[in-house]
Amino acid sequence: MNPVRYDLRGLKCPLPVIKTRKKLAGMASGALIRVDTTDPLAVIDMPHFCNEDGHELVETEKTESGHRFLIRKR
C-alpha cells in the first residue's frame, strides 16, 4: 500500500497535527500517510499525537528542511 503524501511544510504548530488528524479521519484503518513538515516542534508533536490517537508512527526521518513522518492509521 502506497502512502498518501501530505505536504505541510511552512505550517507552524499546532497546524501540522490538526491537519494530519483531519486527513486521517477520512482515511481507512491501516492506511499510510507520509507527512512532510518544517515546524521544528513537529518532531515532538507528531509522536505525541500518534500515541494519543492510537496511530502507529512507522518512521521518522530528518529532511533538509524539517521532518518526514510515516503514520499508519489505527
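Helices (H or I, at least four residues) and strands (E, at least two) are DSSP runs, numbered from the N terminus. On this basis, Asp36 is placed in strand S2, and Asp7 in strand S1. The model shown is predicted, so local features need pLDDT of at least 70 and side-chain atom pairs count only at pLDDT 80 or more, whereas totals for chains, interfaces and linings use all residues. Residues are numbered from 1 along each chain as its sequence is written, and side-chain values use heavy atoms, leaving out hydrogens and water.

**View 1. Four strands form an open sheet with mixed pairing.**
Across this sheet the strands follow the order S1-S2-S4-S3, where two strands pair if DSSP finds at least two bridges between them. Strand S1 (4-8) and strand S3 (56-62) stand at the edges, and because each has a single partner strand, one side of each is left without a neighbour in the sheet. On average, neighbouring strands are turned by 20 degrees against each other when direction is ignored, the axes being lines fitted to C-alpha atoms (for helices over the stretch in contact), with angles from 0 to 180 degrees between N-to-C directions.

**View 2. S1 runs parallel to its partner S2.**
Strand S2, made of residues 32-37, is joined to S1 by 5 bridges in the parallel sense. One place to look is Leu8, whose bridge partner in S2 is Thr37.

**View 3. A hairpin links S3 and S4.**
These two strands run antiparallel and are joined by 6 bridges, while the hairpin that leads from S3 to S4 passes through 4 residues. Within this pairing, Leu57 stands opposite Ile71, which belongs to S4.

**View 4. Helices H1 and H2 both touch the sheet.**
Helix H1, residues 15-25, lies across S1, S2 and strand S4 (67-72), and its direction makes about 155 degrees with S1. Helix H2, residues 42-53, packs on the sheet by touching S2, S3 and S4, and its direction makes about 5 degrees with that of S4. Contact here means heavy atoms within 4.5 Å.

**View 5. Helices and strands together supply the largest nonpolar core.**
This core has 14 residues, and it is a set of buried Ala, Val, Leu, Ile, Met, Phe, Trp, Tyr and Cys residues joined through side-chain atoms within 4.5 Å. Leu24, Ile33, Val35, Met46, Phe49 and Ile71 have the most contacts inside the core. The elements giving two or more residues are S1, H1, S2, H2 and S4, and H2 gives the most, with 4 residues. When residues up to four places away in sequence are not counted, Val35 touches Tyr6, Leu8, Thr20, Met46, His67, Arg68, Phe69 and Ile71.

**View 6. Asp36 takes part in a network of salt bridges.**
Arg5, Asp36, Glu61 and Arg68 are linked in this network, a salt bridge being a side-chain nitrogen of Lys or Arg within 4 Å of a carboxyl oxygen of Asp or Glu. The closest N and O atoms of Arg68 and Asp36 are 2.6 Å apart, and the pair links distant parts of the chain, with Arg68 in strand S4 and Asp36 in strand S2, 32 residues apart. Asp36 counts as buried because its relative accessible area is 7%, given that buried means under 20%, exposed over 50% and partly exposed in between (1.4 Å probe, protein chains only). Leaving aside neighbours within four places in sequence, the contacts of Asp36 are Arg5, Tyr6, Asp7, Leu8, Arg9, His67 and Arg68.

**View 7. Glu59 and Arg34 meet in a salt bridge between two strands.**
The N to O distance in this pair is 3.5 Å. Glu59 lies in strand S3 and Arg34 in strand S2, so the salt bridge ties together parts that are 25 residues apart in sequence. Glu59 is partly exposed at 35% relative accessible area, whereas Arg34, at 17%, counts as buried.

**View 8. Asp7 and Arg9 join their side chains in a salt bridge.**
In this pair, one of the 7 salt bridges that the structure holds, the N to O distance is 2.6 Å. Asp7 is partly exposed, with a relative accessible area of 46%, and Arg9 is likewise partly exposed, at 49%. Looking from Asp7 towards Thr20, the two residues lie 13 residues apart in sequence and 10.0 Å apart in space, C-alpha to C-alpha.
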